[in-house]
Number of protein chains: 2
Amino acid sequence: MTVTAPRGFAASGIACGIKESGETDLALIATAACKPVPAAAVFTTNKAAAAPVRVSKAHLEATGGMSTAVVLNSGNANAATGMPGREHAWRTAQMVGHALGADPHQVLVCSTGLIGIPLPFPKIESGIASLVEGLGGAEEDGHRAARAIMTTDTRPKEIVVEGAGFTVGGMAKGAAMLEPSMATMLAVLTTDAECSPEELSAALVDAVESSFNQMVVDGSTSTNDTVIVLAGGASGTRATRADLAEPLRHACDRLAYQMAADAEGGTKVARITVTGAASIEDARRGARQVASSLLVKCSLHGEDPYWGRIVSELGSAGIAFDIDRVAVSYGGVVVCAGGVAHSHDGQAVAAHLAGHDLEIVADLGIGSATGSMYATDISHAYIDENVRTS
Amino acid sequence: MTVTAPRGFAASGIACGIKESGETDLALIATAACKPVPAAAVFTTNKAAAAPVRVSKAHLEATGGMSTAVVLNSGNANAATGMPGREHAWRTAQMVGHALGADPHQVLVCSTGLIGIPLPFPKIESGIASLVEGLGGAEEDGHRAARAIMTTDTRPKEIVVEGAGFTVGGMAKGAAMLEPSMATMLAVLTTDAECSPEELSAALVDAVESSFNQMVVDGSTSTNDTVIVLAGGASGTRATRADLAEPLRHACDRLAYQMAADAEGGTKVARITVTGAASIEDARRGARQVASSLLVKCSLHGEDPYWGRIVSELGSAGIAFDIDRVAVSYGGVVVCAGGVAHSHDGQAVAAHLAGHDLEIVADLGIGSATGSMYATDISHAYIDENVRTS
C-alpha cells in the first residue's frame, strides 16, 4: 500500500532533528538500482515558489525528465529564504546524489513546513548518510518515508493501484492550504510501468487536474506544492499515456480524498458536483466557488442544509446561471427546484448530513457539463491549529 | 449622526413580526415632502440577485433615477423565492407608495436575512400603515430605522459627514458575507445637496468602489447587496459630482469600517495595504487576496506576525510579483525585506498586533501603485454564528 509496492523502488525515513519533537522529518525515494528513470512533476503556480521547487524544476529540465531519487524534508518549507535557501536545496540534492552515486541533477528535492525560516541545513547534512543507508524495498520502508513527510497530518497517506501489467504506488502529505493548483501538499508516485518521460508527464498532468486540483480546504495555494512520479520499468510492461492515465488518476484521487479527510479541523468531506452547466469550465468553477465558501463550510459543519448559500455562491461564480432553473440536492434528496425551496423529506437530508461523506449536487439546468470538487467543513479546530505558528 | 441629519428626510422603524424575537424589522426612509428626488444605487452583481434588487433596479430605470422612499425589511432576504417573491417586493413598494401618495415606481425596496424562505408578506402588509405613521425627522427616528435593518449586527451603523454647504447622512447593516462587490450589506445615504441623478450616480459608484468594495470578511458576495443614496436638495447648495465625491466616499468608508469592526466573530480590523505594485489593479487584487485568506485571518486572530502567509498569498494572486523584492511590515515595523526574514523589534510587533486596528503593509518593490483592503480576523464565534440557521 505504498511507494515500494511497484518493483524496483526503495524508500527510507529518518529523524534528522528539524522537528523539535524528534519525529521523523527526512524521507528518500530512490530507484533500487540507483539508475535514472523517466520522471515527471507538477509544481505550484505560486510566484513565491520555494527554493526546492525551483531546484527540482531546473533538474528535470536539465535531465530531460530522468531522475534517480526524491529527497523530502518536513518541518521547514525552505520558502522565502532567498539565495541561501536555494543553495541549501541544491546542496541537499548534491549530497544525496553523491551518496547514491548519481548525478545531482537526477535528484529532486521537496520541502514542507513553515515559510520564511532559514532551513537548518546542518541537520539535513548530518542525516543524509543514515537516510541513504536506511533505504529498503519493504512495505515498512515505504511507510517510514510516508510518515517522515507529515506536518499537521494526523496520519500518513498512501495508496497502491494495479494497472494492466504494472503497479502504481504513492504517498502524500497535506492537511491545509489545499486548493486551486493543489496546496501545501507533496506527493510522490512510483510505477514499474515502462514509458517515456513525455508520456509520463502528459499522464500526470491529466491525473493532477482531475484529482488534487479538485479539492478545496481553505483556498490557499502553497509555495511548495509538488507531485512527482517516477517510472522504473521493472514490470517489463510497456505503457502508453492512455494506459497510465487511469491508474495514475485513481491513485491521485484517492490520495486527494485522504488529504481532504484529514484536513485540519475538518470533520466531513463533501463532494460538490455542479451539473447541467454550459461548459466543463463553468461546472468546475461553480463547484470550486461553492467548495471554497466559508459560509458553506460552516453549514456543512453544522449539518444544516442551507441551500441558499449554495445558490448565492453559484450566482456570484461568474458562470452562466439562471436562478429560475437551479435545483440542489443533498444525498440525492432535492431541497431546491426552480430556484425556490422544494418540499422534501427533512429526516432523510438530516441523516445524510450526519454522515462523514456528503454528496451535494447543484443542477444549473442550462447545459450538460458536469464538474466536481471535494470540500471540507470548518470547525474550531481549524482556527486553533492555525492561529499561531509557535 | 444618522439619515435624518440632512434636511428634508424622515425615517421610521417598527416591528412587524418577521423576526420571531419581536425586534424591529421594518424600516422606511422618505423625503419629508413625499416628493421624488434624485436617487442612485449600486446593486449586487450576484446572478442570484434577490427579488427586491430586481424590483428596485427596475424602478430606478422607470423613473430615470427619481425616488421618494426606501422601504427595508430584515429577517428575510426574499431571495431564491421565485415569482411570488418578486410579487411580494413589488406589492411592498406599491403599498408604501399608496400610503405616501407616491407612484410605486418611486419606492425602492431592500431585504436582508435568510435566503430561500418565502417572505411572510402578510406581516409586512399589516405593518406598513404604522411604519408610515411613525415617520419623523428627529435623530431618534433615524436611529429607529438603523436598528430595524440589523440582522446579526451587534450595533447599528450610522454616520454624518459635512460637505461644502450640504450634509450627508447614512445608515448600514452587514456583518458577514462582506466581500467583493460589497456583500449582505444594505446602506441608505441621504443628502440635502442639490444635484442631478446622473451626477449622484457617478459619485456613488466611485464612493462604493473605494469603500464597501474594499472590505473582506468572508469572501461571499450576497444576493441582496444594495447601496442607495437620495439627494433632496433642501440645503439649496448645488453640488457637482466632484463636490459630492469626497463626502460620499468618506461616509461610505466609515460605514464600511463600522461593518468590518462588527464582523461576525471578528475581534480585529486590519487594513492591508499593498504598495509598490505595477498597477492599482494589482495592488487591490493583492490586498484582496491577503485579506481573504483564511490562514491570514487565523494569524491575525492569534496575533502572530506570520508574514510567510502574506507573501504566499501575494505570490498566488495573479499579479506582477518578485519574491526577492518583497517587504512586509506590521504597524510600521519591517519583518520581511528582500523576500526573507528581517531582524526586527519583536516586542513592538507584538504590541501592535495586540491592538484592535492593525496596519499591515506589503511593498512589492515593483512599481508605484497602492491599494488597501479592510480585513477581519476569524474566531470560533464566526463558526458558531454560521453553522446553523435555525
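**Exercises on a predicted two-chain fold**

Helix H5 (residues 197-209) of chain A lies across three strands of that chain, S3 (37-43), S4 and S11 (226-231), and runs at about 30 degrees to S3(A). Keep in mind that this is a predicted model, with ipTM 0.79 and pTM 0.81.

**Exercise 1.** Work out the strand order of the open sheet in chain A, and find its edge strands.

*Solution.* Start with the order: six strands run S4-S3-S11-S9-S8-S7 in chain A, with mixed pairing. Next, look for strands that pair on one side only; these are S4 (66-67) and S7 (157-162) of chain A. Now zoom in on S8 (residues 167-173) and S9 (residues 186-191) of chain A, which are antiparallel and joined by six bridges. One position to check is A:Ala172, whose bridge partner in S9(A) is A:Ala187.

**Exercise 2.** Decide whether helices H2 and H3 of chain B are roughly parallel or roughly antiparallel.

*Solution.* First take the geometry: H2 (residues 82-100) and H3 (residues 121-133) of chain B pack at about 20 degrees, their axes 10 Å apart. Angles under 35 degrees count as roughly parallel, so H2(B) is roughly parallel to H3(B). Then list the contact: H2(B) contributes residues including B:His88, B:Arg91 and B:Met95, while H3(B) brings, among them, B:Phe121, B:Glu125 and B:Ile128. Finally, sort the contact residues by type: nine are nonpolar, two polar and two charged.

**Exercise 3.** Find where the pLDDT of chain A falls below 50.

*Solution.* Begin with the whole chain: the mean pLDDT of chain A is 91, and 95% of its residues reach 70 or more. Then locate the dip, which covers residues 176-183 of chain A. Beyond near neighbours in sequence, that stretch has 46 contacts in the model.

How values were computed:
Residues numbered from 1 in each chain as written. Chains lettered and ligands numbered in written order. Predicted model: local features only at pLDDT ≥ 70, side-chain atom pairs only at ≥ 80, totals over all residues. Axes fitted to C-alpha atoms, helices over the stretch in contact; angles between N-to-C directions. Helix = DSSP H or I, 4+ residues; strand = E, 2+ residues; numbered from the N terminus. Parallel < 35°, antiparallel > 145°, perpendicular 65-115°, else oblique. Contact = placed C-beta atoms within 7 Å. Nonpolar A, V, L, I, M, F, W, Y, C, P; charged D, E, K, R; others polar. pLDDT = per-residue confidence, 0-100. Pairing = 2+ DSSP bridges.
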